[in-house]
Amino acid sequence: MGDLTIEDLRKCLLKMGISTINEGEYIYPASMSSSNVVSILSNLAIKLGVKFNLNEKVICYQKTSLKTDKNNYEFNKLIFSVGGASQPNLGSDGSLLSEFNLHGYEIKELKPVLT
């Protein structure tokens, strides 16, 4: 698969029901609502069988298990979506990065971005 273009991204988002607009070199949802995009993408993921466990602090994880401050989980695939350390009040405090280091992942310098 080759590199995707901005137009490829726009077409993909449109297929999911997300119209876009350009603001300079940035693309935004036409609704100008990130919650709208999150809702559409979350619903699609749920239809595909993805399970979300939100507002839990990861204590540690192994190859097929995860311990949080609320539960223990067994899994065959795991995706972390943790952010960096930009919004501690929203849970993005960087605390999981040290756990990633324990598992041998190299953490590059964190830089703020618009995504």
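Student: Where is Ser81 found?

Tutor: Look in the loop between E5 and helix H3 (95-102). Such labels are DSSP runs numbered from the N terminus: a helix (H or I) has at least four residues and a strand (E) at least two. This is a predicted model, in which local features need pLDDT of at least 70 and side-chain atom pairs count only at pLDDT 80 or more, while totals for chains, interfaces and linings use all residues. Residues are numbered from 1 along each chain as its sequence is written, and side-chain values use heavy atoms, with hydrogens and water left out.

Student: Why is Ser81 called exposed?

Tutor: Exposed means over 50% relative accessible area, buried means under 20%, and partly exposed lies in between (1.4 Å probe, protein chains only). Ser81 has 74%, so it counts as exposed. The C-alpha atoms of Ser81 and Ser92 are 9.6 Å apart, with the two eleven residues from each other along the chain.

Student: What makes Asn55 stand out?

Tutor: Asn55 has a positive phi of about 55° although it is not a glycine. You will find Asn55 in the loop between H2 and E3. With a relative accessible area of 68%, it is therefore exposed. Met32 is not a glycine either, and it too has a positive phi of about 55°; its place is the loop between E2 and H2.

Student: How do you know that E1 and E2 pair?

Tutor: Two strands pair if DSSP finds at least two bridges between them. Strand E1 (residues 20-23) and strand E2 (residues 26-29) are joined by four bridges, so they pair, and they run antiparallel. Ile21, for instance, stands opposite Tyr28 in E2. The two strands form a hairpin with two residues between them, and Gly24 in the turn has a positive phi of about 65°.

Student: What makes E3, E4 and E5 a sheet?

Tutor: Count the bridges again. Strand E3 (residues 58-61) is joined to E4 by three bridges, in the antiparallel sense, and E4 is likewise antiparallel to strand E5 (residues 72-74), over three bridges. The result is an open sheet of three strands in the order E3-E4-E5. E3 and E5 each have a single partner strand, so they stand at the edges, and one side of each is left without a neighbour in the sheet. On average, neighbouring strands are turned by 20° against each other, direction ignored. Such axes are lines fitted to C-alpha atoms, for helices over the stretch in contact, and angles run from 0 to 180 degrees between N-to-C directions.

Student: Which residues are partners across this sheet?

Tutor: Among them, Cys60 has Lys67 in E4 as its bridge partner, Tyr61 stands opposite Leu66 in E4, and Ser65 is partnered by Glu74 in E5. Three residues lie between E3 and E4 in their hairpin, and a hairpin through three residues joins E4 to E5. Strand E4 (residues 65-68) also has two faces: Leu66 and Thr68 are on the covered one, Ser65 and Lys67 on the uncovered one.

Student: Why is the pair of Tyr26 and Tyr28 called tilted?

Tutor: Rings of Phe, Tyr and Trp (its six-membered ring) pair if their centres lie within 6.5 Å; planes under 30 degrees apart are stacked, over 60 edge-to-face, and the rest tilted. The whole structure has three aromatic pairs. Tyr26 and Tyr28 are 6.4 Å apart centre to centre with 50° between the planes, so they pair and count as tilted. Both are partly exposed, Tyr26 at 44% and Tyr28 at 25%.

Student: What makes Phe100 and Tyr105 edge-to-face?

Tutor: Their planes are 75° apart, with 6.1 Å centre to centre, so they pass the cut-off for edge-to-face. Phe100 has 12% relative accessibility, so it counts as buried. Tyr61, Phe100 and Tyr105 form one aromatic cluster.

Student: Why is Ile46 partly exposed?

Tutor: Its relative accessibility is 48%, so Ile46 falls between the two cut-offs and counts as partly exposed. Ile46 lies in helix H2 (residues 34-47). Along with Leu41, Leu44, Leu48, Val50, Phe52 and Leu54, Ile46 forms a nonpolar surface patch of about 670 Å² accessible area together.

Student: What makes a group of residues a patch?

Tutor: Patch residues have over 30% relative accessible area and no salt bridge; like charges are joined within 9 Å, and nonpolar side chains (Val, Leu, Ile, Met, Phe, Trp, Tyr) within 5 Å. A salt bridge is a side-chain nitrogen of Lys or Arg within 4 Å of a carboxyl oxygen of Asp or Glu. Areas come from the Shrake-Rupley method with a 1.4 Å probe, and for residues only the protein chains shown count as cover. At 48%, Ile46 is over the 30% limit for a patch.
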